[in-house]
Amino acid sequence: TRLYTNLVHGDAFRLRLGKDAAHGSVLYLNPPSATDRRFGRLEEKWLRRFGPVLRAGGALFFVVPFYALPASAETLARDFTDLACFRFPGEHFAAFRQVVLVARRRAASLLTPDPALGAQVQAWGADASAIPELPAAGPALFEVEGSSESMPHDAWQLQELDERALRELHAPWHVTDRGGRLQAVAGVLP
C-alpha cells in the first residue's frame, strides 16, 4: 500500500479555499462547540465551511457533542452517506458528551436530504444512550483511497494574520456571554 501525505496545516480562520479545493481524502473536523446568536450551532457552520474540501468518497470524522448533531442533520443527509456514530468511551463521554460521526462524501449533493439519514442523525442527537460506544479496536468502517494527483497550488492558501485587528478585538480576562456581551472573568482582574 502506498500512503500519500499531502497535508495542509494551518489556522482554520485564515484558510482561503480556491475553486479546486475538493481534493481531501480525510477531514477530521473538531469544531468549536457553541451556539452563536447569528450563525446558530457553530459545529454546523464549520461542517458547511469545511465539508466541501472532501473529494467524492472522502471520509469525514465529525467530533461534536451529541446534542449538536440535529443542527447538522440536513447537511449530513444531503452531502454524505454511510453514516455511523459512536460515543466516546466512559469518562471521556461524561466529560464532554462527545461523539464521532463518520461518513463518506457523496459524489454529488442531493437536491433534498435523505429523510432516513436525517431522522437517524436527529435520533442520535436526542438520545446518546442509543449510540454505541467507540470501540478500542476493530475492523475499519470503510477504506479511503488516496490520490497521487497533487493538489492545485492555489486550492488552499492561508491569509495573512492581521495582528493589530486581532488585538483590538481581544479583551484579556474577559469572555463573551450567550448574548454576545463582553463580561469580565470573575476573580481574575485585580
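How far apart should the ends of the twelve-residue helix H4 be, at 1.5 Å a residue, and what span do its end C-alpha atoms show? Helix H4 covers residues 115–126, and at that rise the expected span is 16 Å. The end C-alpha atoms are 16 Å apart, which agrees with the expectation. Please keep in mind as we go that this is a predicted model.

Let us stay with H4 for a moment and ask which of its residues are buried. They are Leu117, Gly118, Val121, Trp124 and Gly125. Seen down the axis of H4, these buried residues fall within an arc of 125°, so they line one face of the helix. A general point about helices helps here: an α-helix has 3.6 residues a turn, so residues three or four places apart point the same way. On the face of H4 turned away from the buried side you will find the exposed residues Pro115, Ala116 and Ala126. The cover over the buried residues of H4 includes helix H2 (73–79), together with strands E6 (80–87) and E7 (98–105). At the N-terminal end, H4 is capped by Asp114, which places a side-chain oxygen 2.9 Å from the backbone nitrogen of Ala116.

Strands E6 and E7 lead us to the sheet. Four strands make up an open sheet with mixed pairing, and their order is E2-E5-E7-E6. The edges are taken by E2 (24–29) and E6, each of which has a single partner strand, so one side of each is left without a neighbour in the sheet. From one strand to the next, the twist averages 10°. As a reminder, strands of a sheet pair through backbone hydrogen bonds, either parallel or antiparallel.

Now walk across the sheet in that order. E2 and E5 run parallel to each other and pair over five bridges; here Leu27 stands opposite Leu60 in E5. Next, E5 (residues 54–65) pairs with E7 in the antiparallel sense, over seven bridges. Leu60 turns up again at this border, standing opposite Ala103 in E7. Beside that pair, Ala59 has Arg104 of E7 as its bridge partner, and Pro65 stands opposite Gln98 in E7. Finally, E6 and E7 are joined by six bridges, again in the antiparallel sense, and Phe80 has Arg105 in E7 as its bridge partner.

How many residues of E7 are buried? The count is eight of eight, so E7 is largely enclosed by the rest of the structure.

What lies across the sheet? Helix H1 (residues 42–50) lies across E2, E5 and E6, and runs at about 165° to E5. H4 also packs on the sheet, where it touches E6 and E7, and its direction makes about 15° with that of E6.

Two residues of H1 are worth a closer look. Glu44 lies in this helix, and is it buried or exposed? With a relative accessibility of 9%, Glu44 counts as buried, because the cut-off for buried is under 20%. The side chain of Glu44 makes a polar contact of 2.5 Å with the side chain of Arg48. Leaving aside residues up to four places away in sequence, Glu44 touches Ala71, Ser72 and Thr75.

The second residue, Leu42, also has its place in H1. Its relative accessibility is 18%, so Leu42 counts as buried as well. Leu42 and Pro32 are ten residues apart along the chain, yet their C-alpha atoms are separated by 6.3 Å. Again not counting residues up to four places away in sequence, Leu42 touches Pro32, Ala34 and Asp36.

To finish, look at the backbone of two residues. Asp82, in strand E6, has a phi near 55°, a positive value in a residue other than glycine. With 45% relative accessibility, Asp82 counts as partly exposed. Arg97 sits in the loop between helix H3 (90–96) and E7, and its phi is near 60°, a positive value in a residue other than glycine. Arg97 is partly exposed, with a relative accessible area of 37%.

Methods: Residues numbered from 1 in each chain as written. Predicted model: local features only at pLDDT ≥ 70, side-chain atom pairs only at ≥ 80, totals over all residues. Heavy atoms only, no water. Helix = DSSP H or I, 4+ residues; strand = E, 2+ residues; numbered from the N terminus. Expected span 1.5 Å × (residues − 1). Buried < 20%, exposed > 50% of the residue type's maximum accessible area, 1.4 Å probe, protein only. Arc of directions from axis to C-beta. Contact = heavy atoms within 4.5 Å. Polar contact = N/O pair within 3.5 Å; in protein donor to acceptor, adjacent residues only side chain to side chain. Pairing = 2+ DSSP bridges. Axes fitted to C-alpha atoms, helices over the stretch in contact; angles between N-to-C directions.
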